[in-house]
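Open the structure in your viewer and keep a selection tool ready. The stops below say what to select next and what is there.

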Amino acid sequence: MGCSLFDKRPSTKQQMAKFNKQRVFFAPYDTVWRAAHAVIKFPIAQENQDTGIIETEYIKGIDGWLPPDINKPPSSGIRYKLIFTFAKGTADGRESTRVTIDKKMEILRDFFSTPESIESDGLEEKILFYRIERELVVMDALKRAAN
């Protein structure tokens with residue numbers, strides 16, 4: 001038994017997973033909130049701008065986002081929902097908003113068994129961050145053009 005038995009630091013894989021789920025945007029909270037709404041293409045189950053949460057309904061795997069390299073649809077038993085968490089702050093002395101996207105995936109083996117959680121590959125989250133960033137760039141360009 002060594003000291004590593006008591007080491008409670010997250011593994012590198014856990015740290016990378018957390019890093020891939022968060023992004024900081026140097027834009028006001030309300031602007032980032034609107035940009036996120038513009039890119040969410042699924043029905044929203046609940047949202048609260050004051051607490052900074054947007055949660056989608058469960059999306060069937062075959063109705064959701066598919067990576068371009070996948071030729072066959074996923075299992076019909078897979079479903080997921082997206083949870084967006086927003087936090088105001090400052091970074092490098094500038095107003096910023098941290099967005100966390102958590103993709104809760106589960107597979108239903110049959111009607112009677114309980115859903116089993118599975119890990120996301122992180123691709124859809126990266127695409128959503130990219131789209132939010134592009135939306136912010138477009139909003140900024142429109143604002144400057146109006147002035």
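Start with residues 44-48 and 53-56, which are strands β2 and β3 of this predicted model. The two strands run antiparallel and are joined by four bridges. Now pick Gln46: the residue opposite, in β3, is Glu55. Four residues lie between the strands of this hairpin. Select Gly52 in the hairpin, where phi is positive, near 75°.

Next, select residues 29-39, helix α2. Which residues of α2 are buried? They are Tyr29, Thr31, Val32, Trp33, Ala35, Ala36 and Val39. Show the neighbouring elements as well: the buried residues of α2 pack against strands β1 (22-25), β2, β3, β5 (78-91) and β6 (94-107), and against α3 (123-146).

Stay in this region for the nonpolar core. In soluble globular proteins, nonpolar side chains tend to be buried together. Here the largest nonpolar core has 25 residues. Select Phe84, Phe86, Val99 and Ile132, the residues with the most contacts inside this core. Two or more core residues come from each of α2, β5, β6 and α3. Helix α2 gives the largest share, six residues.

Centre the view on Phe86 and show what Phe86 touches, leaving out residues up to four places away in sequence. Among the contacts are Tyr29, Val32, Trp33 and Ala36, which also appear in the list of buried residues of α2. Other contacts of Phe86 include Thr51, Gly52 and Ile54; Gly52 is the hairpin residue with the positive phi. Thr97, Arg98 and Val99 are touched too.

Move on to helix α3, which has 24 residues. From its first C-alpha to its last, α3 reaches 35 Å, close to the 34 Å expected at 1.5 Å a residue. Colour its buried residues: Glu124, Glu125, Leu128, Phe129, Ile132 and Leu136. Ile132 was picked earlier as one of the core residues with the most contacts.

Now turn to the charged side chains. How many salt bridges does a search of the whole structure find? The search finds six, and three are visited here.

- Select Lys81 and Glu55, whose closest N and O atoms are 2.8 Å apart. Lys81 lies in strand β5 and Glu55 in strand β3, so this salt bridge ties together parts that are 26 residues apart in sequence. Lys81 is buried, with a relative accessible area of 16%; Glu55, at 13%, also counts as buried. Glu55 is the residue that stands opposite Gln46.

- Select Arg79 and Glu106, a salt bridge with the closest N and O atoms 2.5 Å apart. The pair links strand β5, which holds Arg79, to strand β6, which holds Glu106, across 27 residues. Is each partner buried or partly exposed? Arg79 is partly exposed, with a relative accessible area of 26%, whereas Glu106 is buried at 11%.

- Select Asp102 and Lys21, where the closest N and O atoms of the salt bridge are 3.2 Å apart. Asp102 belongs to strand β6 and Lys21 to helix α1 (residues 12-21), and the two are 81 residues apart. Asp102 counts as partly exposed at 21% relative accessibility, because buried means under 20%. Lys21 is partly exposed as well, at 25%.

For the last stop, keep Lys21 and Asp102 selected and add Lys104: these residues are linked in a network of salt bridges.

Note on methods:
Residues numbered from 1 in each chain as written. Predicted model: local features only at pLDDT ≥ 70, side-chain atom pairs only at ≥ 80, totals over all residues. Heavy atoms only, no water. Pairing = 2+ DSSP bridges. Buried < 20%, exposed > 50% of the residue type's maximum accessible area, 1.4 Å probe, protein only. Contact = heavy atoms within 4.5 Å. Core = buried A, V, L, I, M, F, W, Y, C linked by side-chain atoms within 4.5 Å. Salt bridge = Lys/Arg side-chain N within 4 Å of Asp/Glu carboxyl O. Expected span 1.5 Å × (residues − 1).
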